Amino acid sequence: MPYLSQSHPIADWKKVWWTQAIKMLTEHWTANNIFCPSCWSALMKHKIDKPVNDLFCRECSEDFELKSSKWKLWKIIPWWAYDVMIKQMIEKPMHLFVLKYAPDYTINNFLVVPKYFFIPGIIQKRNISRVKQKNWKVRLWTWWNILFHKIPESWKIHYIREWSYKTRTEILNEWNRVRFLEKEKQESKWWIFDMMKCIEKLNKENFSLEEMYSFENELRKIYPQNNNIKPKIRQQLQFLRDRNYLEFLWWGKYKVL
Ligand SMILES: [Zn+2]
């Protein structure tokens, strides 16, 4: 059972804020226990603390941001430093790690969301607040949210789910399954996103085209300018089939891979 409190990178507990201590502990635990989902190499912590981007892979130099929570898995992830994040996402996007620990400090969930989830609409700008920095200077930060519940479940790749560990093969398979999104244009991602969400709502291994058509009205509300929702659904299913996300069984029947 992984315990967060087993790792003690903090020399003097009295000198750090509680939230800071949790950040240090979770980063330390992740760097020592989690491998890069892209190449399975070890992760390292950045030497300097930055508002975004906590860890990186030594091998493929992918960047990761870590968010942790004690209570339940986030519906909405609150964040700060909006401007810094936008700049970072344009220059070098990073993947998102989400760690959840129980009140006894055992880690019960750990997952990664690949960086391609950062699309306009998934980020919600919030209020501005004054934040005291280490040197006691006050800086204004714009807070923002990630609408975590809007991200399809298949993009949330678990290492640990309810205390149960996934194998390396399971993690890498799931990672590679959605990797095709890396090459897709931002504007086409929303449709892929919505199609995946619809398929997840059906919650079936096999489903029919008719069942997907039942989302027509729902999708029309999202895309009011589109007068050809049904053909678009068919086109998107074909797209997902070509990317090995789905299998075409026979006429009008699909299987989730
Ligand atoms: Zn890597």
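Two strands count as paired here if DSSP finds at least two bridges between them. With that in hand, take a look at strand 5 of this predicted model. Strand 5 covers residues 94–101, and seven of its eight residues are buried. Strand 3 pairs with it on a parallel footing, while strand 6 pairs with it in the antiparallel sense.

**Strand pairing**
- Strand 3 (residues 63–69) and strand 5 run parallel and are joined by seven bridges.
- In that pairing, S69 sits opposite K100 of strand 5.
- Strand 6 (residues 107–113) is linked to strand 5 by six bridges, this time antiparallel.
- K100 turns up here too, standing opposite N109 in strand 6.

**The hairpin**
- Strands 5 and 6 make a hairpin, with five residues between them.
- Y105, in the turn, has a positive phi of about 70 degrees.

**Nonpolar cores**
- The largest nonpolar core has 24 residues, and F97, L99 and L111 are the ones that touch the most other members.
- Two or more residues of this core come from each of strand 2 (55–57), strand 3, strand 5, strand 6 and strand 9 (157–161).
- Strand 5 chips in the largest share, six residues.
- Another core lies apart from this one: it has 14 residues, including M196, I199, F207 and Y254.

**Around L111**
- Setting aside neighbours within four places in sequence, L111 is in contact with V98, K156, I157, H158 and Y159.

Technical notes
Residues are numbered from 1 along each chain as its sequence is written. This is a predicted model: local features need pLDDT of at least 70, side-chain atom pairs count only at pLDDT 80 or more; totals for chains, interfaces and linings use all residues. A residue is buried if 20 or more other C-beta atoms lie within 10 Å of its own, exposed if 12 or fewer, and partly exposed in between; C-beta atoms are placed from the backbone. Helices (H or I, at least four residues) and strands (E, at least two) are DSSP runs, numbered from the N terminus. A nonpolar core is a set of buried Ala, Val, Leu, Ile, Met, Phe, Trp, Tyr and Cys residues joined through C-beta atoms within 7 Å. Two residues are in contact if their C-beta atoms, placed from the backbone, lie within 7 Å.
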